[in-house]
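Here is a protein to explore step by step. Take a look at the model, then read on for a tour of its loops, helices and cores.

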Amino acid sequence: MNYSFEQKEKDRVVEARESFSGRLLTDAQFDESIAITGIIEREIKKSGAFKEKLGDYAYAFARTEKIDAAKAETVLRDLFKARTGQTMNQMREELAEREEKLTQAQKGVAYNYAIAVGEMIERGDKISFARAYAQQGQRLAGELGITDAGAKRLIKEEFKAAENAEFYDWGKEMEEKFYRPQIEAEKQQREEQASERDGGRTRSSDRGGRFERKAASDENGSAPSRTRATQSRMQYRR
């Protein structure tokens with residue numbers, strides 16, 4: 001299976017396959033477990049939490065594979081550490097500690113990302129405020145090495161400090177000004193296309209109806225002729 005991990009992590013995945021927990025699994029189970037560790041890692045980097053998602057996935061994995069849920073959670077924790085080089089809690093704590101140590105200069109960078117949210121909405125193709133905010137938060141998180149949630153919080157705070165306005169209100173105004181008209185135009189276009197399709201089906205149906213009526217008329221009209229011809233032959237024989 002091809003993993004979307006860096007080479008260093010790919011090497012760790014190979015080692016994880018031969019670990020105690022890895023050897024207990026079939027190839028399919030191992031592939032699925034490794035994929036789940038990636039989902040949990042993304043959740044830690046997004047929100048700074050993992051226990052709820054770990055519990056949900058461990059339970060689902062245990063149920064479908066018919067193993068104990070506690071055992072499934074242990075396997076996921078072991079493979080997570082083998083793949084990333086950290087426990088889930090260590091990764092969470094590292095991100096939180098890094099956010100606490102941010103300098104004011106580092107925090108100030110968040111204002112540029114706040115403005116970029118508005119630019120995405122204005123120049124993008126049907127990009128909502130929520131989507132733009134999430135994307136810029138993720139980019140800032142990658143630059144500062146913190147969670148997406150922490151980055152989004154910084155964006156909001158630095159915008160308010162610079163503009164003396166609520167970031168959410170500003171973003172929704174931008175959405176109404178640029179995003180909403182694009183959505184309405186798309187909606188109208190779909191309705192017009194649907195109307196044209198319906199009109200085409202109606203015309204096709206009308207043509208079909210006329211053809212059927214004509215055929216029926218021809219059939220009804222020819223029947224009396226055949227009857228008269230038959231009567232004439234009968235009269236001739238007599």
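## Two loop residues to spot

Let's start with Asn 164, which sits in the loop between helix 10 and helix 11. Keep in mind that you're looking at a predicted model. The phi angle of Asn 164 is near 55°, a positive value in a residue that isn't glycine. Is Asn 164 buried or exposed? Its relative accessible area is 69%, so Asn 164 is exposed, the cut-off being over 50%.

Now hop back to Lys 126, in the loop between helix 8 and helix 9. Phi is near 55° for Lys 126, again a positive value in a residue other than glycine. With a relative accessibility of 27%, Lys 126 counts as partly exposed.

## The overall picture

Zoom out for a moment. How many helices and strands does the protein have? The count is 11 helices and zero strands, and reading along the sequence gives the pattern α-α-α-α-α-α-α-α-α-α-α.

The protein has 238 residues, and 31% of them count as buried. On the outside, the protein exposes about 15500 Å², with carbon and sulfur atoms supplying 47% of that area. Take the contacts in the protein with a separation of 6 or more: 62% of them come from residues 24 or more positions apart.

## Inside the cores

The largest nonpolar core holds 23 residues, and the ones touching the most other members are Ile 121, Leu 140, Ile 146, Leu 154, Ile 155 and Phe 167. Which elements give two or more residues to this core? They are helix 8 (110-123), helix 9 (129-144), helix 10 (148-163) and helix 11 (167-237). Apart from this core lies another one, of 14 residues, including Leu 54, Ala 58, Ala 72 and Met 91.

Leu 140 is a nice residue to click on. If you skip its neighbours within four places in sequence, Leu 140 is in contact with Val 109, Ala 110, Tyr 113, Ala 151, Leu 154 and Ile 155.

## Helices that cross

Here's a handy idea: two packed helices are described by the angle between their axes and the distance between the axes. Try it on helix 9 and helix 10, whose axes come within 8 Å and cross at roughly 110°. That angle makes helix 9 roughly perpendicular to helix 10. On the helix 9 side, the residues that meet helix 10 include Tyr 133, Gln 136 and Leu 140, while Asp 148, Ala 151 and Leu 154 are among those on the helix 10 side. The residues of this contact divide into seven nonpolar, three polar and four charged.

Helix 3 (residues 27-47) and helix 5 (residues 69-84) are another pair to try, packing at an angle of about 75° with their axes 9 Å apart. So helix 3 is roughly perpendicular to helix 5. Phe 30, Ile 34 and Ile 40 are among the helix 3 residues making the contact, and helix 5 brings residues including Val 75, Leu 79 and Phe 80. Sorted by type, the contact of helix 3 with helix 5 has nine nonpolar, four polar and two charged residues.

## A closer look at Phe 61

Last stop: Phe 61, in helix 4 (residues 51-65). Why does Phe 61 count as buried? Its relative accessibility is 1%, and buried means under 20%.

What does Phe 61 touch? Leaving aside its neighbours within four places in sequence, Phe 61 is in contact with Gln 29, Glu 32, Ser 33, Ile 36, Ile 67 and Ala 72. Phe 61 and Gln 29 are 32 residues apart in sequence, with 8.8 Å from C-alpha to C-alpha in space.

Notes
Residues numbered from 1 in each chain as written. Predicted model: local features only at pLDDT ≥ 70, side-chain atom pairs only at ≥ 80, totals over all residues. Heavy atoms only, no water. Core = buried A, V, L, I, M, F, W, Y, C linked by side-chain atoms within 4.5 Å. Buried < 20%, exposed > 50% of the residue type's maximum accessible area, 1.4 Å probe, protein only. Helix = DSSP H or I, 4+ residues; strand = E, 2+ residues; numbered from the N terminus. Contact = heavy atoms within 4.5 Å. Axes fitted to C-alpha atoms, helices over the stretch in contact; angles between N-to-C directions. Parallel < 35°, antiparallel > 145°, perpendicular 65-115°, else oblique. Nonpolar A, V, L, I, M, F, W, Y, C, P; charged D, E, K, R; others polar. Areas by Shrake-Rupley, 256 points an atom, 1.4 Å probe, with all protein chains shown as cover.
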